[in-house]
Number of protein chains: 2
Amino acid sequence: MPYYIGDVIRDERTLVARTPEKFREAGIEVRLESTVAAVDAAQGRARLTTGELLPYDVLVLATGAESRLPAGPGFDLPGVFLLKNLADAIRIKAHLNRSACRKAVVIGAGFIGMEMCEALRDRGMETTVVHRGDLPVARWDAEFAREIVAALERNGVAFLADTELHGIEAGTSCPLTVMTSRGPIEADLVLVAVGIAPNVTLARGMGLRIGATGAIGVDAQQRTSAPNVYAVGDCCEVYHRVSGRWAYLPLGDTANKQGRLAGRTIGGRPAAHPGVVGAQSFKIFELETAATGLNEAEARQAGFDPVGDVFWGNAIAGPFGKRKLGLKLVADRASGKLLGAQAIGETGAVGRINTLSAALWSGLTLDEIGYLDLAYAPPFGGAWDVIHHAAQRLQRKR
Amino acid sequence: MPYYIGDVIRDERTLVARTPEKFREAGIEVRLESTVAAVDAAQGRARLTTGELLPYDVLVLATGAESRLPAGPGFDLPGVFLLKNLADAIRIKAHLNRSACRKAVVIGAGFIGMEMCEALRDRGMETTVVHRGDLPVARWDAEFAREIVAALERNGVAFLADTELHGIEAGTSCPLTVMTSRGPIEADLVLVAVGIAPNVTLARGMGLRIGATGAIGVDAQQRTSAPNVYAVGDCCEVYHRVSGRWAYLPLGDTANKQGRLAGRTIGGRPAAHPGVVGAQSFKIFELETAATGLNEAEARQAGFDPVGDVFWGNAIAGPFGKRKLGLKLVADRASGKLLGAQAIGETGAVGRINTLSAALWSGLTLDEIGYLDLAYAPPFGGAWDVIHHAAQRLQRKR
């Protein structure tokens, strides 16, 4: 009988009763709030912190990632939350409901922090982002990141760039005070979103191979270096088709695919993970933001000589209204192969990036992308789409 | 000095003065309202209906298509319009402005007729579609065509299926009466949109090769069978990458690409048209509708053994609202290669079809598409997108 060991959430109605029940119906024994202290891969058994030994034929590690904590005191104060899983979301919601929260501070300006800004403003919270760097979402180019800062400001979010965090203290007029290089900021709620790291504690204890990224090394079938031990999700690496290297890209859709493919292999219908191209998106107020492949810095790291260019066009044809869309393409100077793309705009960014993700998947060149056959109609784009314009322009530039 | 001979529209402000002027600035002599009676390809000269002879080194045929006329009398009555070019649009607009038009009849239910229904309802016209077949837009499957009929009806358009047209007569209470197998229909305005045929009169007169589709045969550089004679746009064929055959797919974006590529070749920087995959879209009231590749009937005609399946999912993730999206995939049973796709929904249809167009471009299989890396975020789709669901389901079925 297979085991499931984990922290399935119990206080939100949908997941409470139904998830464990569904597992049981499928013949899976569910051990909630059980922690594995160590795994003996040679013997094929896991030891719980209670001392109980669970033998296994196949072990799947889905240990996820841990949220990073900034240096400094006060991150254990009530009202300070990490953003990792559903349990955190439930606790944050409860805090918002029971306190007279009006002021929130988001620490970190990655895409999770950005999504939180919108959620907090929707709840009417005064919201401030404290960020160490000059611009948010490092994966996106400065030109696009500045559009995101403008969207934050249009929507009443204060964005404090180049700001060092000294810690959090109990406040006087407000429960919390966030101490920064720009002075103290009062808050009812502090969300910490400064990044994550793969949780590889058990894996290290088992002597599994850890990749250069710090995440668990796997093969295309999600097998680790130990026999019958698999890893899936935010704890392991994924093969990046564009760089040709194993990468750490902890994203929900990738985790789903890894889980499914491990399941197929374990269940006797093995299938290989074809890898990722690094497609990603998020919504920030009225903006769609998406990226795929490699940006110029990543391309250089992967050994390419990249050339890039930003094209600003219209997401739909002129007579149907102006909907500005920015598209940056990055290509390999020598071969003309697309290496990556970023897009931002009120509409149409994700559709373009998904199209270019399929193009990256197959290694298309700028010449091909400049004449790609897309479903043209004026409400959805021009006869020459921004994709064509951007590709032709970059082709002329390289 | 190159010539441009054509019917550039003169009564709408933007195009009136500026287009000929721009041509002249570029050193191109513009002959408006000039008709070429015949071309002597051996001598390299065109003869105008005025008798004037124009010698050429290079000739580009961009003779477009002619709108088909149904059988029956009355199509020359005032208030009856074909839908071909900007001049038609200007005449229709003028007619709408000067008459007390309240009742319109659209003859034909292709995508152009569908777009007209929305335009007419936006002007407050009572609108009726008269259609010979049972469902509109033959390229789309019945299940999706029925969604379009429902959208027409929700928006107050009467859709008369299986209706024979007998002709048009002058009316009594209304200027026109459309005579049909379901009785007479009064109208102030009748739009005829029963399809188009390539205009190959000059090409036939020159002895150029006409393809099996009835359009001018060209090569990848848009060369016809005569030296230094090119053809572009709705008068010529285009190579279909999925069927591997030359097809007649008269669409605006394809025409643009053909014109550009002919220009490059003529200008000494030859480039090959990589062909099309048959991507197409239109908006009909609140629905986005798009298709690419081959439908099952087209796939069979092209020699494949196709398998197809419709998946109904959600264009965005559940908590962000329900936005029903239908996606039909067609694949080759033997190889699992994608052959075509159709989508319909309030949002997200065009984005999916463009992604699948890029997949078709490179000949991806259902297995690859089922694990394609797309830019996931809940406002734009599920962790498993409808594309993944549809591909995996069809893969299990084949």
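Me: Helices (H or I, at least four residues) and strands (E, at least two) are DSSP runs, numbered from the N terminus. What phi does A:G268 take just after α6(A)?

Reply: A:G268 takes a positive phi there, about 95 degrees. Please bear in mind that this is a predicted model: local features need pLDDT of at least 70, side-chain atom pairs count only at pLDDT 80 or more, and totals for chains, interfaces and linings use all residues. Residues are numbered from 1 along each chain as its sequence is written, while chains are lettered from A and ligands numbered from 1 in the order in which they are written.

Me: How do you know what span to expect of a helix?

Reply: Take 1.5 Å times one less than its number of residues. Helix α6 of chain A (residues 252–266) has 15 residues and reaches 21 Å from first C-alpha to last, close to the expected 21 Å.

Me: Why is A:L261 called buried?

Reply: A residue is buried if 20 or more other C-beta atoms, placed from the backbone, lie within 10 Å of its own. A:L261 is among the buried residues of α6(A), as are A:D253 and A:K257.

Me: What makes the two copies related as by a two-fold rotation axis?

Reply: Copies are superposed by least squares on C-alpha atoms of residues with pLDDT of at least 70 in both. Chain B can be laid on chain A with an RMSD of 0.0 Å by a turn of 180 degrees and a shift of 0.0 Å along the axis. The two copies are therefore related as by a two-fold rotation axis.

Me: How do you know that the copies meet through the same surface?

Reply: Of the interface residues of chain B, 100% are also interface residues in chain A, so the surface is the same. Each chain gives 39 residues to the contact (C-beta atoms within 7 Å), and α8(B) gives the most on the side of chain B, 9 residues.

Key: Two residues are in contact if their C-beta atoms, placed from the backbone, lie within 7 Å. A residue is buried if 20 or more other C-beta atoms lie within 10 Å of its own, exposed if 12 or fewer, and partly exposed in between; C-beta atoms are placed from the backbone.
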